[in-house]
Amino acid sequence: MVTAKSTSSCMCSELGPQPRAPQTAVDDSMVEQIVAFHGHMCPGLAMGIQAATIALSQIGPHSTDEEVVAVVETDMCGVDAIQFMTGCTFGKGNLIHQDWGKNAYTFYRRSDGKAIRVSGRPDAWQRDPERGRLFALVRAGSATEEEAAQFRALHQSESRRILDLAPERLYDVTDVKGEPPQRARIHASVPCARCGEGVMETRIRRLGEEQLCVPCLEGATVDA
């Protein structure tokens with residue numbers, strides 16, 4: 001069971017139920033929108049599109065408020081596809097990041113408590129050694145123009161190959177029991193005694209009689 005807490009300053013939930021956007025098939029136009037949102041197409045983004053496709057089919061349509069909650073166990077490119085497609089975002093408090101480095105995502109539907117965990121199958125997608133070699137050259141800034149072009153071509157073809165697979169070939173899907181994460185809460189801001197900036201009250205730290213934000217606390221600890 002995945003447990004997590006959510007905090008947010010968003011007041012959208014105070015507006016009451018909002019109309020849901022219709023569920024949209026992942027066609028080339030949708031992929032182009034996701035790529036524009038993320039900035040580029042890559043295998044990681046393609047994996048996120050496939051994970052979000054499973055969530056939309058089993059949990060429900062795009063979340064306009066907190067109807068659906070996603071707990072993501074990575075900060076890889078695919079999370080952008082999940083935000084775009086499912087409507088689970090950091091700003092609304094219904095996308096929760098757990099830094100575990102896993103290609104795995106848990107989706108909760110608040111209306112009836114249904115939840116699934118979508119986890120990458122280790123044998124589903126094998127990395128291309130040649131693409132990895134070229135990527136290392138491109139990242140190091142030592143790739144020739146020909147090598148850079150070859151890498152881009154392999155990058156695109158690998159992304160397309162992932163998108164052409166059935167999502168169930170890439171991910172295992174299991175039911176999750178237990179309560180969804182609590183709804184996003186609205187907290188007061190407290191001024192930091194040193195920098196003067198407002199800080200969510202749950203993030204304030206005390207040093208003696210001072211109420212400090214985390215950066216000022218860390219700075220005070222270093223100076224001590």
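Let us start in the sheet, where strands β4 and β5 run antiparallel and are joined by five bridges. One place to look is I116, whose bridge partner in β5 is D175. Keep in mind as you explore that this is a predicted model.

From β4 we can step across to β3. Strand β4 covers residues 115–120, and β3 pairs with β4 in the antiparallel sense, again over five bridges. If you find A104 in the structure, you will see S119 of β4 standing opposite. The two strands form a hairpin with five residues between them, and in this hairpin G113 takes a positive phi near 80°.

The next step leads to β1. Strand β3 spans residues 104–109 and is joined to β1 by five bridges, the two strands running antiparallel. Here V68 is a helpful landmark, since R109 in β3 is the bridge partner of V68. Strand β1 also pairs with β2, residues 95–97, this time in the parallel sense and over three bridges. Within that pairing, A70 has L95 of β2 as its bridge partner. To get from β1 to β2, the chain passes through helix α3, residues 78–86, and this β-α-β crossover is right-handed.

It is worth pausing at β1 itself. How many of the five residues of strand β1 are buried? Five of the five, at residues 68–72, so the strand is largely enclosed by the rest of the structure. Both faces are covered: V68, A70 and V72 are buried on one side, and V69 and V71 are buried on the other.

Now let us leave the strands and turn to helix α5. This helix runs over residues 145–164, which makes 20 residues, and it reaches 29 Å from its first C-alpha to its last. That is close to the 28 Å expected at 1.5 Å a residue. Which residues of α5 are buried? They are E147, A148, F151, H155, E158, S159, I162 and L163. These buried residues cover an arc of only 145° around the axis, which puts them on the same side of α5. On the other side of the helix, E145, E146 and D164 are exposed. As for the neighbours of the buried residues, they pack against α1 (28–38), α2 (43–58), α4 (129–140) and α6 (167–170).

Helix α5 also brings us to the charged side chains. The structure holds eleven salt bridges. In one of them, the side chains of D28 and R160 meet, with 3.8 Å from N to O. This pair links distant parts of the chain, because D28 belongs to helix α1 and R160 to helix α5, 132 residues apart. The two partners differ in their surroundings: D28 counts as exposed at 52% relative accessibility, while R160 counts as partly exposed at 38%.

R160 has another salt bridge to look for, with D164, where the closest N and O atoms are 3.5 Å apart. Both D164 and R160 lie in helix α5, four residues apart, or about one turn of the helix. D164 counts as exposed, at 56% relative accessibility. Put together, D28, R160 and D164 are linked in a network of salt bridges.

Helix α4 offers a further example. There the side chains of R133 and E130 meet in a salt bridge at 2.8 Å, N to O. Being three residues apart in helix α4, R133 and E130 are separated by about one helical turn. R133 is partly exposed, with a relative accessible area of 41%, and E130 is also partly exposed, with 28%.

Our last stop is H187. Where is the place of H187? This residue sits in the loop between β5 (171–175) and β6 (189–191). At 18% relative accessibility, H187 counts as buried, since the cut-off for buried is under 20%. Look also for E201: H187 and E201 are 14 residues apart in sequence, and their C-alpha atoms are 6.3 Å apart in space.

Note on methods. Residues are numbered from 1 along each chain as its sequence is written. This is a predicted model: local features need pLDDT of at least 70, side-chain atom pairs count only at pLDDT 80 or more; totals for chains, interfaces and linings use all residues. Side-chain values use heavy atoms; hydrogens and water are left out. Buried means under 20% relative accessible area, exposed over 50%, partly exposed in between (1.4 Å probe, protein chains only). Two strands pair if DSSP finds at least two bridges between them. A crossover is right-handed if, with the strands pointing away from the viewer, the path from the first strand over the helix to the second runs clockwise. The expected span of a helix is 1.5 Å times one less than its number of residues. The arc is that of the directions from the helix axis to the C-beta atoms. Contact means heavy atoms within 4.5 Å. A salt bridge is a side-chain nitrogen of Lys or Arg within 4 Å of a carboxyl oxygen of Asp or Glu.
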